[in-house]
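Here is a short tour of a protein structure. Keep the sequence and the 3D view side by side as you read.

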Amino acid sequence: MNLADALLLTDKLDAYSIQQIRNQFITCTTRIKELIKPQAEDIQIAFKILRYLYIHQKNIEPIRTITSQYGYRYPILEPFFDSQDHSLLNTLEFLESHNLLLSKEIEKSYQCNSCESAFLNFQETCSHCQSSNLKMNELIHHFYCAYVDNKDAFLQGNGEMVCPKCEKTLKHIGADYDKPSIVYHCNDCHHDFQDAQITTTCYNCHSKSVPDDLVHRKIKSFELSALSKHAALYGLENMLQAVVKEVFNAVDFSTFDRFVHIESARIHRYQVSNSCLFKIEISDLESLYLELGEKAKGFFIELTQLIKIRLRSSDLVSASNESTIVGLLIETPEQNSKIVMERLLNDVDQLLKSSINFHVPISSKLQPITKSIDANELMGLLL
Amino acid sequence: MELLNDALNFISRLSLFEIIVTFWYFFFVDSLRYIVINGIGLIKYFIDSYRLKDRKVLARQQLFMESPLVSVLVPGKNEGKNLYKLARSLKKQSYKNLELIVVDDGSNDDTPTIARHLLKRGLITNFFRNEQRGGKASAANLALRFCKGKFVVHLDADTLARNDALEKMLIHFYLDDNIAAVGGDVRVNNLQASVCASLQSLEYIKTITTARTIASAFGILRIISGAFGAFRTDALNRVKGWDVGPGLDGDITIRFRKLGYKVVHEPNAICYTNVPVKFTKLAKQRFRWDRSLVRFRLRRHRDLLNIFNRNFSFLNFITIMENVVFNFAMNIKWWVYFFYIVVFHTDSLHIILLVNYVLYLISNVLQYIYALLILGDTIKKEELQISLLLVLMPLYSTFLMRPVRTYAHMMELIHKVSYFDAWNPWKVSQKQLYSKKNTQKNMIFGQKRD
Ligand SMILES: [Zn+2]
Ligand SMILES: [Zn+2]
Ligand SMILES: [Zn+2]
């Protein structure tokens, strides 16, 4: 039921509701069409979950239940996992730590520190002997004579309260008496105290503990982040390629490789080298994602746009993998290419300084195409 | 010098009768009370002490043999800062079987945190907190309700008891089965902080050490210090604890006496307390204290003065009368005397005042000597050093204490201000006021109670 996109109720089989359900399915299938074919490393549960959530536009909500020892479940995710072990929670943790899910704390839960069961019995116990055989007494303070005692001492058979000291009848709380505090009496060791010690007993493994020693877990709901929407569309690792493609209307890498071969062959033929290959690589993509979260895409777009400004329309650009942009500067001698690259890197530097506040390690490389090196070797040298 | 000559001339010209007429207040009021009566009391105290010497040794043995649990009750507001020092000092008492019960009466500082910490460390036996302030009496009663000792020692958090003080008080319960309460001697700790504090130290020695020891010897002690007193728990439970203050310490003493118990003062059970360092603070404190005289002695316990009462006791009658006569009526007479001098001896006013000063100085020195006899070897070096300030004592009494006292008595009688005492929370004061069946309440509040 939780996985359903829509409900078709047998007693409401009218045209309108059927149309509604149809629309729901159509939007789902359009989203499915947007998706690229997953690459091998993306075929894992985490990626599946993101795609599922994206297609069906769902959030992950916990529900309280006694059918799980944790005290809550995420029914929407359960079909992805075989057993009721920790893997579901671990996957959520992984996705959240990679900024692929945004979490919202729903409540805090105390769980047993030996079995993580949420089913605990909280009891007030005696601070002297740990007995839970306590009597809770409300204190009464009679303003007129300053007498203080347990409520029982004031209470008469007829429900009236009479002060044992001055024998006046108590009338209104706040007017002639008040209840300044509560005092516990231990029926076992006869200790009287205000601050009862709270002891917990686990219903699952029967271990005893105190609240401070329990596992404090935050129960959260999750929703997709902007980053994860793209991860769902392009795979966990392919955002840069997608952006490059979008901005440059660029060729994919195999096409680029073919062009390099053609250019290399042309140079062999005419014996004049006037073209250069370049590479710009982001060394630590992982931390970039972590730092920027959903802003990563914006950063990629700005980065590729900067590159686009410095290049001529005849130049060729592609992304060789998730963190590397490669380009072919046609009819640009090495000297000129160097200047272009210097300016480009300067621009990137400016961008980093002005828009994001942390250091992104970016490396670059320039490789002139010469007649002495064949195309495969060239690509090897470049990458 | 010239003034002194004038004074001598003035006196030599007067007959004995005239001298007595001119200085009657001194001769018939103060010298009678403080020199003659106190002198007799002092002799009685020493005779009693001598007679009880052997029995005291026995009583001490009995106390330590039985070694009953003694509950030290410390009610108060915002006293957290004093608790550690207090708990540590109790550990040093020669009498060891103690439990320390702290009641936090609606503190708004970190007192609960400190107290709970000390409770965990075992420095406090039990801790209770009223979220809403209920007044000192109710806090003490709460502690009394949950204490387990055979005897109770009521102690202010900011006082420090000498290591043998508890023992010295508790012995009395083994001397006489009829004793329900023993007052400890309160002395000034910060006596070197200012002239004001030093003068109070001299005053405490006079009004607590000497006066209460002698009152105790005569069997007419009327007050056990709230700051430091020991009680039989059964007797406290019989009177169902303390009543609403101010002056709750005096009040409970009188209630014991009404039940036929004896109350005594033990000058050798000493605790030290800090007093106001500034005269303005001191005046405010005394204003508060002095009002309780009218309130408790005159109003609440006036039945003790009724000689037709079934439970009439002559000693109780004297206890109240002594206080009423010397503190209240004589205070009025002093003002009568003062105006009499001003009106009828205008010319020689300065001389008469000077002679009075000298007479009162002599009286103070004599009383100080009495005090030294009682204090014995418990007197501290600092307490001896400030004895030179005795020359200021007549001025301190006349120009500070007497106006404050007179003003307080007048205010209490006219406006019943002590029901608005900041020391009691509003709800308690209001209750007290309403419970008096008079019409004044409507004048004060301008409204009727439902
Ligand atoms: Zn009452
Ligand atoms: Zn217990
Ligand atoms: Zn467990």
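## A pocket and its surroundings

Five elements of chain B, namely α3 (24-66), α7 (165-175), α8 (195-218), β8 (262-273) and α12 (314-344), each give at least two residues to the lining of the second largest pocket. Bear in mind that this is a predicted model. The second largest pocket holds about 740 Å³ of space. It is lined by 29 residues, and those closest to its centre are D48(B), I179(B), S216(B), K262(B) and V264(B). Which helix supplies the largest share of the lining? That is α3(B), with eight residues. Sorted by class, the lining has 11 nonpolar, nine polar and nine charged residues.

Next, the sheet of chain B. Eight strands make up an open sheet with mixed pairing. Their order is β3-β2-β1-β4-β7-β6-β8-β5. Why do β3 and β5 of chain B each have one side without a neighbour in the sheet? Both β3 (126-130) and β5 (160-161) stand at the edges with a single partner strand each, so one side of each is left free of a neighbour in the sheet.

For β3(B), the partner is β2(B), residues 98-105, and the two pair in the parallel sense over five bridges. One bridge matches I101(B) with N126(B) in β3(B). Across β2 and β3 of chain B lies helix α5(B), residues 111-120. This helix runs at about 160° to β3(B).

Chain A has paired strands too. The table sets two of its pairings side by side.

| Strands | Sense | Bridges | Citation of partners |
|---|---|---|---|
| β4(A) (120-125) and β10(A) (197-202) | antiparallel | six bridges | Q123(A) opposite T199(A) |
| β10(A) and β11(A) (208-209) | antiparallel | two bridges | T201(A) with K208(A) |

Strands β10(A) and β11(A) form a hairpin with five residues between the strands. There, H206(A) takes a positive phi near 65°.

Last, the aromatic rings. A search of the whole structure finds 19 aromatic pairs over all chains. A pair of aromatic rings is described by the distance of the centres and the angle of the planes. One of the pairs joins F231(B) and F256(B). Their centres are 6.0 Å apart, the planes meet at 35°, and the pair counts as tilted. F231(B) sits in strand β7(B), residues 228-232, and F256(B) in helix α10(B), residues 248-258, so the pair ties together parts 25 residues apart in sequence.

Technical notes
Residues are numbered from 1 along each chain as its sequence is written. Chains are lettered from A and ligands numbered from 1 in the order in which they are written. This is a predicted model: local features need pLDDT of at least 70, side-chain atom pairs count only at pLDDT 80 or more; totals for chains, interfaces and linings use all residues. Side-chain values use heavy atoms; hydrogens and water are left out. Two strands pair if DSSP finds at least two bridges between them. Helices (H or I, at least four residues) and strands (E, at least two) are DSSP runs, numbered from the N terminus. Contact means heavy atoms within 4.5 Å. Axes are lines fitted to C-alpha atoms, for helices over the stretch in contact, and angles run from 0 to 180 degrees between N-to-C directions. On a 1 Å grid over the protein atoms alone, a cavity is a set of points where a 1.4 Å probe fits but cannot get out, and a pocket is an open set with protein on both sides within 12 Å along at least five of seven lines; lining residues have an atom within 4 Å of a point. Grid points are joined across faces, edges and corners, and a volume is the space filled by probe spheres set on the points. Ala, Val, Leu, Ile, Met, Phe, Trp, Tyr, Cys and Pro count as nonpolar, Asp, Glu, Lys and Arg as charged, and the others, Gly among them, as polar. Rings of Phe, Tyr and Trp (its six-membered ring) pair if their centres lie within 6.5 Å; planes under 30 degrees apart count as stacked, over 60 as edge-to-face and the rest as tilted.
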